[in-house]
Amino acid sequence: MRRYALLLAPLLLAALTACRAKHSARKPDPLRIAYDTEVDWNNADHLIPLDYQQSQGKRLFYVYCVWCHADSTPAGPSNRPNLNPAPHLIDDGTVLNSMSDTYLDNIITLGGSAMGKSASMPPYGKSLTQDEVRAIIAYARAVAQPPYHKPARPLPQYKAR
Amino acid sequence: MPAEQMGNIPKRLRVIYAVSTVIFVAVLAISPIRDHFAGWKRYEKGYAKFASTRANSRQLMADYHSGIDQIWLPKLNVTDRCTTCHQGISEPGLLDNSVPQPFRAHPMIPHDVRAWGCVVCHRGQGLATKVKEAHDTTLAWEKPLLPIRYIQASCGVCHQDSLPETPQLNRGRELLVKFNCEGCHRVQDADRPAMLGPDLSNIGAEVSRAWVYKWLKEPRTISDSSGNVVVDGYDTNPRMPQFRFKKGEVRNLSAYLSSLKSPLVESSQIDPSVAAAWRSQSDLLSYGELRFRQMFCTDCHALAVTRLGQTELIGGDVGPELTKVGSKVNPDWLVSWLRNPQAYLPHSQMPRYEWSDKDLYAVSRYMLNKLTDPQLLGDVPTLGPATPAEIQHGRQLFNSKGCASCHVIRGTPPQKDFGPDLSNLGGKTVSELFFGNAKVPHTLVAYIQAKTSDPLSVNPTARMPQFHFDSADMDAITTALLSMTGTPTYPGFALLTVPASQPKFDPAGEFGKLYNRFKCSVCHSFNGYGGTLAPDLSFEGSRSQRPWLVAFLKNPQTLRPTLTVRMPQFNFTDQEANTIADYVEMVLQNPLVNKAGVNPKDFTPPMASLGKQLYFVKYECQSCHTIGSTGGYVGPSLTNVGNWMDAAWIEAWLRNPQALIPGTIEPRRDFSEPEINALTAYLLTLKQKSPAGSGATPGGSQ
């Protein structure tokens, strides 16, 4: 009997060390591991974590878009009240969530008049790269209120009337 | 041993032999068995399973690397096995937050993951094949992953100039400069400037001993209605940190500093007839305030304003905040300073204005009587005249406390390397750090933050003063410090270093004299050198028409509808304004703008009316630009653009704005050449009736 025990002991040991590798899953705080964060415009206590692409979008938004697509700007009053129709706020999920990525991409690169909207929205296709436009869309999706959920099937490019 | 004797081996020995053989085999089996159950094998199987659920599973499996996958780049000294588990790292289809880790693709960055490796940016242990060893610190593996929050530090290891993609790193580097860290520490690639804080050689002429005492105790003098020190913002933080002095030490230091007193170089005398003329009028202070605002002192200096119980500083942070300056400075010193700041402080950034005695008298009286706080020096004990013993002791303290690291006193040489060398702090391993009594996790990030936020928590005898940073600034400073990894260890890295380039713009001649006197580069930039407070003037000569430029210099108007900062009125003489205009028109030119090639007479009224249609209907330029009192706030006002801008500039600008001013937010459009001509024709008709500057009232909103 002792012999078997002697035989088995090393095998058991080996098996145990191999199985020990299962580590406990850690749940890190999304804000601590985020590349950057943005404050929810409707709730100053709510921080939205941003990944790399979204944070690049945030930077570009605050350079190019904030002047018309926000109610306050880093330089003071917004240009939004001067415009008719009023531009959508970037975090307005009630409107933007139903627009597809392709549609938003087109509106940014080709401008409003090309998409049958107001000519007040100029085209940025020659000033921004494709990646930059995608980053801005990713940022808009991240800050959308109500939150944006990626559709299982791509949304149609034009809304049916 | 003969063969026939083999059977005679005792049974006991045979058993020992058999058992030891089994043990030997079992021990040999440990390694392959462990290998078989290794963590990464689970991820390997998991990835195959995950890939089969994706629409493009065939392609994913074609790109799949089985076994230990390794990125090996000998030139960069990279041997990274991270992709063994992070299989999908370069699969664009897996760039989605719904993809479980470790299979998610890397976000799109300017560098290709497989060409650079992982550890170059993320740190961690590239050779390790266990989750904990690769990411964390263990006894043998000492370089944990860099938290993503500070990942911009890795960009800064090679990129010494500031990239637009790394705002946190750029901010951190600015803060290291702003708070004079290099006064005491060696900071990577930064030469110590000759002077950091103000020269104190004649400080006794500027302020009283009581004020020095107060300042040394607590430099933050702005408090809210409940008496709390306001430290919530970047601007409210004076550069001077709080030192931990004992009572006697403050006494002695204040005695020493207030004894440094010599006559002022620049006269503090004001024509007696000016003061006499004001004696009969009661509105001296309100006139002084008006001129203070009209001079736009708040472009550079902040004032604390309390609105709805909240105190905030309004104004710039180029110079010190002035909310309580009247309780600080000596009246004679103030007049002398305003006349010629460089006579007192040769390195001052403040322009030397051409003051009339009337303005100077009124503004200085306003500052001395209105920008005050009677309570400011209330808690300072009666100090009396300085005794020689106090002065002697104060002089010693000035050196031993490190004051000389930032402040110069003639005859007291600054100390070199007063604090520890920080130029390789970001590359240190945990075992190289001394945590002392600090109750923080033993990581480099926690160490840097503990040292910076509360130096005493790590080392109770630290000489480092107390800085007050909010959490965003703390993260920025941590990022900048982490980016300083010292001299690159591998030759490959040294080749990658992108140096910071900011060639100094230092014109000579008559213009150079004016440029240095009025400190143009504090606010304006020239070919990348200078401040960002005001427009880039690199190509101003191509943009503006000369008569407009001269009129603007004589009386600057804001060109942007919502801007509260404006160029101060420098009271240039005609000759000075013409010297500046001559230089600007001759030198600050863009080769894309050919002024001689465009004749304003070629623009006909029919073209202008077509241009007007294009402006208002097709392109809706009024969304961003104002003409008269209607239009948008984004671009500059075009009310007077016909007098302001040159026709050739307008055409070149409409073709490609970014070619003239890189980074301008005006989008580049697809205008046809006739459209460009028509729009230019229309814009040239936009002329304000009165020439720029003469009709408008000076002053602005605050």
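Visitor: Where is B:Asn77 found?

Guide: Look in the loop between strand E1 (71–73) and strand E2 (78–80) of chain B; that's where B:Asn77 is found. Keep in mind that this is a predicted model.

Visitor: What is phi of B:Asn77 near?

Guide: Phi is near 60° there, a positive value in a residue other than glycine.

Visitor: How many other C-beta atoms lie within 10 Å of B:Asn77?

Guide: You count neighbours: 20 or more would make a residue buried, and 12 or fewer exposed. B:Asn77 has 16 other C-beta atoms within 10 Å, so it is partly exposed.

Visitor: Which loop holds B:Asn571?

Guide: Go to the loop between helix H25 (546–554) and helix H26 (574–587) of chain B. B:Asn571 isn't a glycine, yet its phi is positive, about 55°. With 14 other C-beta atoms within 10 Å, B:Asn571 is partly exposed.

Visitor: What about helix H31 of chain B: how far apart are its end C-alpha atoms?

Guide: Start with the expected span, 1.5 Å times one less than the number of residues. Helix H31 (residues 673–684) has 12 residues, so it should span 16 Å, and its end C-alpha atoms are indeed 16 Å apart.

Visitor: Which residues of H31(B) are buried?

Guide: Among them are B:Asn677, B:Tyr682 and B:Leu684. The cover over the buried residues of H31(B) includes helices H27 (605–618), H28 (641–644) and H29 (647–655) of chain B.

Visitor: Over in chain A, is the peptide bond from A:Asn84 to A:Pro85 cis or trans?

Guide: Check omega: near 0°, so to speak, is how this cis bond reads. A:Pro85 sits in the loop between strand E4 (76–77) and helix H3 (93–96) of chain A.

Terms used: Residues are numbered from 1 along each chain as its sequence is written. Chains are lettered from A and ligands numbered from 1 in the order in which they are written. This is a predicted model: local features need pLDDT of at least 70, side-chain atom pairs count only at pLDDT 80 or more; totals for chains, interfaces and linings use all residues. Helices (H or I, at least four residues) and strands (E, at least two) are DSSP runs, numbered from the N terminus. Two residues are in contact if their C-beta atoms, placed from the backbone, lie within 7 Å.
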